[in-house]
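Biologist: I have a structure on my screen and I am new to this. Could you show me how to read it, feature by feature?

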Amino acid sequence: MNASITPKLRASGLSHGFDGRAVLRDLDLSVRGGEFVSIIGPSGSGKSTLLSILTGGLRADAGALEVDGRPVERPDADAFAFMPQRDVLLPWKRIVDNAAFGLQLRGVPRAEARRRVASLLAEFGLSGTERLYPRQLSGGMRQRVALLRTVVQERGLVFLDEPFGALDAITRLELQQWMARMWDRHRWTVVLVTHDIREALLLSDRVLVLAGRPAGIATQLQVPRDSRIRDRDFLLEPDVVRLEKQLLDALAAHTAAVTEEE
Ligand SMILES: Nc1ncnc2c1ncn2[C@@H]1O[C@H](COP(=O)(O)OP(=O)(O)OP(=O)(O)O)[C@@H](O)[C@H]1O
């Protein structure tokens, strides 16, 4: 098989329900190595359910998963790093140990884990914070520590669940722009779940809309990856504004359809 076209992650025919109510039906999803894919969708459409299936927390009622072309029952925890929605830092641990915690959980000795974290602190805008505690950092800095903890594990795949959702608008935009630059440099394979259409456009190669009841991938759009810097001005470019409108229309159409059903 040609490695260059084998997706990093592939889900096919995923279906899942709770208490006899179907939430996801026959969902297909494929993510290439080095691709940044965002999943947006109305509240309750099944984004967290899908993420739980992809990260092995939940077993789908039906469907198949492949990582690097190999079928898996559920993704092995060694194959990915996951940053959940909430601030996951441990208040009693210093920043360096919070950032090293994911590595240590996987058996990397403390000194080695700290060394790897130290090599990335400056890039994450966290120089000088090593010995501080989470409460001494701003919300934006805490999220950067959580991201550092996630990516320092150097897993093939990174899942992010609303990583900037709890931040104020200015901090969120700053972090999104920073994340766009970081991705450009590191080219991680990322699956991001977000409510924020602009965040998805700023960061992604591809945006998927999860919608319907039960839900599937209703729409997907490619975001041009060219020499433009992805910052606030990028979002004002006519072709990007057009994409934003298409995504808004797709979400509105599905929200209207669901409201009519109820
Ligand atoms: N453990 C569970 N038991 C029963 N129903 C569940 C469970 N988890 C999710 N659901 C239901 O499945 C549907 C999809 O929920 P899910 O949390 O995946 O949506 P979401 O798109 O992530 O929503 P939000 O954007 O609000 O976080 C909802 O109707 C929810 O009530």
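Modeller: We will go through the sheet, the ligand shell, a helix, the core and a hairpin. Remember that this is a predicted model.

Biologist: How do I read a sheet, and in what order do the four strands of the open sheet lie?

Modeller: Follow the pairing from one strand to the next. Here the order is 2-1-4-5, and the pairing is antiparallel. The edges are strand 2 (21-31) and strand 5 (70-72), each paired on one side only. From one strand to the next, the twist averages 30°.

Biologist: Where do side chains point in a strand?

Modeller: In a regular strand they alternate between the two faces of the sheet.

Biologist: How many bridges join strand 1 to strand 2?

Modeller: Seven bridges join strand 1 (residues 9-18) to strand 2, and the two run antiparallel. Take Arg10: its bridge partner in strand 2 is Ser30. Now look for what packs on the sheet. Helix 1 (residues 47-54) does so, touching strand 1 and strand 2. The direction of helix 1 makes about 125° with that of strand 1.

Biologist: Which element gives the largest share of the shell around the ligand?

Modeller: Helix 1 does, with three residues. The whole shell is Phe18, Asp19, Val23, Gly41, Ser43, Gly44, Ser45, Gly46, Lys47, Ser48 and Thr49. Then sort the shell by character: two residues are nonpolar, seven polar and two charged.

Biologist: How do I read a helix, and which residues of helix 2 are buried?

Modeller: List the buried residues, then ask what they pack against. Helix 2 (residues 95-105) buries Ile95, Val96, Asn98, Ala99, Ala100, Gly102 and Leu103. These pack against strand 6 (80-83), helix 3 (110-121) and helix 4 (139-151). Check the end too. Just after helix 2, Gly107 has a positive phi of about 95°.

Biologist: Which residues touch the most other members of the largest nonpolar core?

Modeller: Val158 and Phe159, in a core of 66 residues. To see what a residue brings together, skip its neighbours within four places in sequence. Phe159 is then in contact with Leu51, Leu54, Thr55, Phe80, Phe82 and Val191.

Biologist: Last one. How many residues lie between strand 9 and strand 10 in their hairpin?

Modeller: Four. Strand 9 (residues 206-211) and strand 10 (residues 216-222) pair in the antiparallel sense over six bridges. One bridge partners Ala211 with Gly216 in strand 10. In the turn, Gly212 has a positive phi of about 100°.

Terms used: Residues numbered from 1 in each chain as written. Predicted model: local features only at pLDDT ≥ 70, side-chain atom pairs only at ≥ 80, totals over all residues. Buried ≥ 20, exposed ≤ 12 C-beta atoms within 10 Å, placed from the backbone. Contact = placed C-beta atoms within 7 Å. Core = buried A, V, L, I, M, F, W, Y, C linked by C-beta atoms within 7 Å. Pairing = 2+ DSSP bridges. Axes fitted to C-alpha atoms, helices over the stretch in contact; angles between N-to-C directions. Near = placed C-beta within 6 Å. Nonpolar A, V, L, I, M, F, W, Y, C, P; charged D, E, K, R; others polar.
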